[in-house]
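Visitor: Could you take me closely through one part of this model, namely the empty spaces in it and the helices around them? I would like a connected account rather than a list.

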Amino acid sequence: MDNSVHVIAPEDRTLAALTHLSGLAGYVVPLGGILVPIIIWAMKKDEPTIAGIAKQAIILNVAVFLLVGLSAILMITIILIPVVFLFWMVLALVALALPVVGAIKANDGSYYRYPVVGVNPD
């Protein structure tokens, strides 16, 4: 289903927006960016829209974690340290922007599919 076609019901919009933002919990609580969306997904697995958004939050946070870890290996080569730091800044910007944009779209009633790691509602 295309994200421009899927409309979020008015009664689900607040929870959908909060589910997008739940991925940012990792900036406050270690592993919160993965645990909070997992809890939401487990509690709302029968609601495809909320479950799809929670899956996106989980996938985004796992991907960011893996990319930071893998790129940290490049720091062994001293010459690539500036490239790694630049990559981390861009990655942080993307990891912050996607959930915020998703929350804004959800509040407006549109299902937002994250680029690359996004999933469609079941």
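**The pockets, the cavity and the helices around them**

Guide: By class, the lining of the largest pocket comprises 11 nonpolar, five polar and no charged residues. This is a predicted model, and the pocket in question has a computed volume of about 270 Å³. Its lining is made up of 16 residues, and those that lie nearest the centre of the pocket are Gly26, Tyr27, Asn61, Val64 and Phe65. Helices α2, α3 and α4 are the elements that each give two or more residues to this lining, with the largest share, four residues, coming from α3.

The second largest pocket holds about 190 Å³ of space, and its lining divides into 13 nonpolar, no polar and no charged residues. Of the 13 residues that line this second pocket, Leu60, Leu67, Leu91, Val94 and Val117 lie nearest its centre. The elements that contribute two or more residues here are α3 and α4, and it is α4 that gives the most to the lining, with six residues.

Besides these open pockets, the structure holds one cavity of 30 Å³ or more, and the volume of the largest cavity is about 30 Å³. The residues that line this cavity are Gly23, Leu24, Tyr27, Leu60, Asn61, Ala95 and Pro99, and the elements that give two or more residues to the lining are α3 and α4, the latter spanning residues 81-108. By class, the cavity lining has five nonpolar, two polar and no charged residues. Tyr27 and Asn61, which are among the residues lining the cavity, are also among those nearest the centre of the largest pocket, while Leu60, another residue of the cavity lining, is one of those nearest the centre of the second largest pocket.

Turning to the helices themselves, α2 (residues 32-43) and α3 (residues 48-73) pack with their axes 9 Å apart and at an angle of about 160°; since angles over 145 degrees count as roughly antiparallel, α2 and α3 are therefore roughly antiparallel to each other. Their crossing is left-handed. On the α2 side the contact is made by Gly33, Ile34, Pro37, Ile38, Ile40 and Trp41, and on the α3 side by Ile50, Ala51, Ala54, Lys55, Ala57, Ile58, Asn61 and Val62. Taken by class, this contact of α2 with α3 consists of 11 nonpolar, two polar and one charged residues. Asn61 thus links several parts of this account, as a residue of the helix contact, of the cavity lining and of the lining of the largest pocket.

Note on methods:
Residues numbered from 1 in each chain as written. Predicted model: local features only at pLDDT ≥ 70, side-chain atom pairs only at ≥ 80, totals over all residues. Heavy atoms only, no water. Axes fitted to C-alpha atoms, helices over the stretch in contact; angles between N-to-C directions. Parallel < 35°, antiparallel > 145°, perpendicular 65-115°, else oblique. Left-handed = near helix turned anticlockwise from the far one by under 90°. Contact = heavy atoms within 4.5 Å. Nonpolar A, V, L, I, M, F, W, Y, C, P; charged D, E, K, R; others polar. 1 Å grid on protein atoms, 1.4 Å probe; cavity = no way out; pocket = protein on both sides within 12 Å on 5 of 7 lines; lining within 4 Å. Points joined across faces, edges and corners; volume = space filled by probe spheres on them.
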